[in-house]
Amino acid sequence: MSSPTSSRHDAQPQSRFTFRDLRLLGQSSVNSPLRVITLIDFDCFYAQCESVRLGLSPDQPLGVQQFKHVIAMNYAGRAAGLKKVVNAEEAKLKCPSIVLQHVPTWREGDTTWRYRDDALEHMDIDKSSLDYYRLQSKKAMAVLKQTLPGDRQLIEKAGIDETYVDLSGPVHQELLKRFPEFVTEPPSLDAHLPLPIDPLLDWSDTAVEEDTSDEARQHVDWDDIALHIGCELVKSIRSAVQCELQYTCSAGIARNKVVAKLAAGHNKPNRQTVVRTCGIEPFLQQYKFTKIRGLGAKLGRQVSKAFETELVSDLLNVPRATLASKIGSSSAAWVYNVIRGIEYSEVTDRTQLKSVLSAKTFMVSLQDISQAEKWLYIFAADIMGRLEDLGGDRRPKTVAVHLQVNGPRAPTRSKQGPIPLGAKLDTDLLLKLSRDLLLALEKEGATWPLVTLSVSVNDLVDVERGSRAVDSLFAAAGKTSPLPSSRNSNGWSSNAKVVDTKVVETVKDTRANPKKRTLFDLGFAQQGSRNEHMSKKVRAIDNLTAKDEAKGDINGSGSPLHEDAPDVEDGEGAYDCPTCARPVPASDVLEHLDWHAAVELSENG
Ligand code: TTP
Ligand code: CA
Ligand code: CA
C-alpha cells in the first residue's frame, strides 16, 4: 500500500466508515465493521508433524496411522489419490511408496507413551497418545505469540491444529502508525473517515475473494486496508512458524470467525485467503450452509430438512419470518445473518472447557483392580497433560470414574468425588482418587470383568477466580511417577477417605441418553441389525481423545466452545468411509471406523 489519505478529514469523497468504527477497531469490539479476524489451520497436521520428525521430504507420501486407519494424510499422499482419512491397507495398495507412521501409544503396564512398531498388533492393550502433536501445537502457539505485535493478544485455540486470532488491535495500531492523521482528535465520532486515496493494495501473498464487478473492485475503503494489514501479519506468523518449526499452515482472513474459518480451508495447503467485505456474499454462496461453523450439525439438518436444500444461495431467498416459523426466532435470527456473512462471536482467549475425559474400551475385559489401576495411571497422566495444555489456569473440582460391565450398550455406573482444594493436583493424586472411586464402585456392584473404563475430571474453574491454594498449582504433567503396580496396596488404602460423603453416584443408561454416545452407538445406530454380533465377544478399540481433539474440542468434554453459535462443530465436511463408502461427518470418523474394526474382530472370533 503506498498512498496517504486525503489531507483533511472533511475532504471528499468520504469513507463508509466513521471515527467510531475506527475506535471500536482499537477496542477489538465485535461491533466494528473494520474487524479483522484470522483462523490459522495447519496443513495435514499430524502428517506434517511426522514428516518433520522423521526428516522426510514433504514430497514423500505419508499417512499417520491409528490402528487400522489413516487419520491424517499429507498432501503428497493426497496428490496420489488418497483421501485425508482412509483405511491403512487401501492406502498401501493405492500408493505402495507411502510411509505409514503409527501414532504413539500408551500401553498397559508401561509408564510413558511411545512410538512403537507393534501398535497394530496391540490394539487391545494400547491407547493412542496425542501428546507429541499437542506439544508441536504448543510450540507453534509460542511462535505465534512471539510474532504477533501488541501486548493485548486475543488468541483462541479452537482445536489441536487451529487457532483464531483477533487482529483488530494490532491492525489498529499499525493503521495509526501508517496514517498518523487519525491520531488527532476527530471532529466527532460520527464523522466519516476520509477515503484512502489510490491505495494500491498488493495482495500477491494472498488469494483474494471479492466481488468481481469493477465498481466493487475499485472501491477500496478502510476495511480493505485493515484486512490487508491483517494479511501482512498473518503472513509473518506463517513464515515464522515455517522458519522455526518447518510446518506450513493455511489461513483465512475476514471480518468474522465464520468467514475466516471457511476461507482458511479455501486454498489449502500453505496459502492464505482473504475475503474482502464486498466479497463475502459471493464467497458464501459457493458453499453449502452445512459447511458453516454452527450449521454443521443439528441446526443445519433442521434447516435443510425444512427447506429441502443445503445451498446458501437457496436459503438467501427465504424470508426471516419463514425461517423463524420453521426453526424458532432466535435460531432464525442467527441463521439469517450468518448466511449473509454477518456474525459477531468473539475470539475468546480462555477455553470454556468444563471437563476432560480419558477412556478406553477393552477388547479383552479387565479382570481385577490391579489390571485396572494400570489404566487409571494412563488416564491420570493423559488428563494431567491435557490440563497442563490449558496453561495450568483451569482446575477441576471433581473427579469421576465410569464403568460398563455388560458391554457398551449396558448402563454405565459412575462415582464422583471432590478433588481436595489444598492438595497439589498431579498424576499421583488423580490416580489415588480414581482408584478409591473404583474400589467404592467395586464394593457396590458387579464390576469384573470390565469392558469400558474411563476417568473424567469435571467442573473446571479458573484458578484465579476460585480455589487457588498456595500449593495447589499443577505439577508438570511430564513428571510422572512409577506405575501403581510397583507399589504395594497399603500406599493406596490409607487414602480411602477421599471418597467421602459428598460422593455422587450415578447410573446412566446410555440408551436413554443420546447425547452421551459411546464409540459403539454410532455404529449401532447406523447398522442396528448387526447388533447381536457385537454382544459378548466384542471388544473395540476406543480413542475418544483423537476424535474429540479433531473436532475442535481440544479436551474431549464435548462441550461447545461458543455459546453464540447454536450448534458449533467442526466446519469441515463429511468423509466417505473407506469400508462402507457412506459419508461420515468429520467428527464421527474415528468412531465409525472403530465400529468397523469392532465388527471385524467379533466376526473373526
Ligand atoms: P484437520 O485440520 O481436519 O485435518 P488435517 O490438518 O489433517 O488436514 P488439512 O490440511 O485438510 O487441514 O485435523 C487436524 C488433525 O486432527 C489431523 O491431522 C488428524 C486429526 N484428525 C483425526 O484424528 N480424526 C479425524 O477424523 C480428523 C478429520 C482429523
Ligand atoms: Ca488442519
Ligand atoms: Ca483443523
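An open sheet of 6 strands, with mixed pairing, runs in the order β9-β10-β2-β13-β14-β12. The model is predicted. An open sheet of 4 strands, also with mixed pairing, has the order β5-β4-β3-β6. Helices α5 and α9 pack against the sheet of 6 strands, and α2 packs on the sheet of 4 strands.

**Sheet of 6 strands**
- β9 (154-159) and β12 (206-209) are the edge strands; each has a single partner strand, so one side of each lacks a neighbour in the sheet.
- Direction ignored, neighbouring strands of this sheet are turned against each other by 20 degrees on average.
- β9 and strand β10 (residues 162-166) run antiparallel and are joined by 5 bridges.
- In this pair, I155 stands opposite V165 of β10.

**Helices on the sheet of 6 strands**
- Helix α5 (residues 131-147) lies across β2 (37-42), β9 and β10, and runs at about 160 degrees to β9.
- Helix α9 (residues 257-264) touches β2, β9, β10, β13 (249-254) and β14 (272-275).
- The direction of α9 makes about 145 degrees with that of β13.

**Sheet of 4 strands and its helix**
- At the edges are β5 (86-87) and β6 (99-102), each pairing on one side only.
- Strand β3 (residues 62-66) and β6 run parallel, with 4 bridges joining them.
- G63 stands opposite L100, a residue in β6.
- Helix α2 (residues 45-53) touches β3, β4 (69-73) and β6, and its direction makes about 110 degrees with that of β3.

How values were computed:
Residues are numbered from 1 along each chain as its sequence is written. Chains are lettered from A and ligands numbered from 1 in the order in which they are written. This is a predicted model: local features need pLDDT of at least 70, side-chain atom pairs count only at pLDDT 80 or more; totals for chains, interfaces and linings use all residues. Side-chain values use heavy atoms; hydrogens and water are left out. Two strands pair if DSSP finds at least two bridges between them. Helices (H or I, at least four residues) and strands (E, at least two) are DSSP runs, numbered from the N terminus. Axes are lines fitted to C-alpha atoms, for helices over the stretch in contact, and angles run from 0 to 180 degrees between N-to-C directions. Contact means heavy atoms within 4.5 Å.
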